[in-house]
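Visitor: Hi, I have a protein model open and would like to go through it with someone. Could you look at it with me?
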Amino acid sequence: MDENKETLRVGAAVRRRRRALELTLAVVAERSGLSVPFLSQVENERARPSMRSLQRVADALHTTCVELLAAADPARSVDVVRADDSEFTHEPRVRPLVRGHHQLHAMEFSGDHDAGREFQHRNDELMYVADGAVEVEAEGRAYRLGRGDTLHLTGGVRHRWRATDADTRVLIVAVADHIEAVEDDPRR
């Protein structure tokens, strides 16, 4: 099997997470607004959820899409993700840039983005605007970012963002939530 042509198997990650929380498919369906048959098909790799549906499942499982996608593929020490390797091709487009369960998560967002969704991550996050423009709201302030701008968010900061240009492409790199980031002791 060609390692570069592997299909991301998110269903197994969804099932593991659901079982770890001791939830039934019916409970996840009720929480996510998705049907039990569809969720069963996802878990059994007979259906691939859109990023919007995966986000609804992640919310129902008290996790994130990034964590489910990371848990979907075994870690590799060296892995190349080609520009045309995208598993999710709908708009808005979200493409994992790192596969597997690692200390670092990286995602590329293209097109519009759900501005109403608020995020808060355990660890630091860096947003880089590769094309277009975004508005970010964090700690009660609004920030306008254009092509080439970056924004660093310390872990725990609540934030939301939206693309202000249809051709926007944003890269987000974050320390994975399962990593315990430790601050340096200033007395040393």
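Visitor: Let me start with one residue: is Leu 104 buried, partly exposed or exposed, and why does it count that way?

Guide: This is a predicted model, and in it Leu 104 has a relative accessible area of 41%. Buried means under 20% and exposed means over 50%, so Leu 104 counts as partly exposed.

Visitor: Which residues make up a nonpolar patch with Leu 104?

Guide: Leu 104 forms a nonpolar patch on the surface with Leu 126 and Val 173, and together they have about 210 Å² of accessible area.

Visitor: And which strand does Leu 104 lie in?

Guide: Leu 104 belongs to strand S2, which covers residues 104-110. S2 pairs with strand S8, residues 169-175, in the antiparallel sense over seven bridges. Within that pairing, Glu 108 stands opposite Leu 171 in S8.

Visitor: What is the order of the strands in the sheet that holds S2 and S8?

Guide: The sheet is an open one of five strands, in the order S1-S2-S8-S3-S6, and its pairing is antiparallel. At its edges are strand S1 (93-96) and strand S6 (150-153), each of which pairs on one side only. From one strand to the next, the twist averages 20°.

Visitor: What do the strands of a sheet pair through, in general?

Guide: Strands of a sheet pair through backbone hydrogen bonds, and they may do so in a parallel or an antiparallel way.

Visitor: Switching topic, how does the order S5-S4-S7 fit in?

Guide: Those three strands form an open sheet, again with antiparallel pairing. Strand S5 (141-146) and strand S7 (159-163) stand at the edges with a single partner strand each, so one side of each has no neighbour in the sheet. The twist here averages 20° from one strand to the next.

Visitor: How many bridges join S4 to S5, and how many join S4 to S7?

Guide: Strand S4, residues 133-138, pairs with S5 over six bridges in the antiparallel sense, while five bridges join S4 to S7, and these two strands also run antiparallel.

Visitor: Which residues are the bridge partners of Ala 138?

Guide: Ala 138 has Arg 141 as its bridge partner in S5 and His 159 as its bridge partner in S7. Elsewhere in the pairing with S5, Val 136 has Tyr 143 as its bridge partner.

Visitor: Where do the side chains along S4 point?

Guide: They alternate along the strand: Val 134, Val 136 and Ala 138 point to one face and are buried, whereas Ala 133, Glu 135 and Glu 137 point to the other face and are not buried.

Visitor: What about the hairpin of S4 and S5, how many residues are between the strands?

Guide: There are two residues between the strands in that hairpin, and Glu 139 takes a positive phi near 50° there.

Visitor: Now the whole chain: how many helices and strands does the protein chain have?

Guide: The protein chain has five helices and eight strands, and from the N terminus on the elements run α-α-α-α-α-β-β-β-β-β-β-β-β.

Visitor: And how much of the chain counts as buried?

Guide: Of its 188 residues, 41% count as buried. The chain exposes about 11000 Å², and carbon and sulfur atoms supply 47% of that area. As for contacts with a separation of 6 or more, residues 24 or more positions apart account for 65% of them.

Notes: Residues are numbered from 1 along each chain as its sequence is written. This is a predicted model: local features need pLDDT of at least 70, side-chain atom pairs count only at pLDDT 80 or more; totals for chains, interfaces and linings use all residues. Side-chain values use heavy atoms; hydrogens and water are left out. Patches are made of residues with over 30% relative accessible area and no salt bridge: like charges are joined within 9 Å, nonpolar side chains (Val, Leu, Ile, Met, Phe, Trp, Tyr) within 5 Å. Accessible areas come from the Shrake-Rupley method with a 1.4 Å probe; for residues, only the protein chains shown count as cover. A salt bridge is a side-chain nitrogen of Lys or Arg within 4 Å of a carboxyl oxygen of Asp or Glu. Helices (H or I, at least four residues) and strands (E, at least two) are DSSP runs, numbered from the N terminus. Buried means under 20% relative accessible area, exposed over 50%, partly exposed in between (1.4 Å probe, protein chains only). Two strands pair if DSSP finds at least two bridges between them. Axes are lines fitted to C-alpha atoms, for helices over the stretch in contact, and angles run from 0 to 180 degrees between N-to-C directions. Contact means heavy atoms within 4.5 Å.
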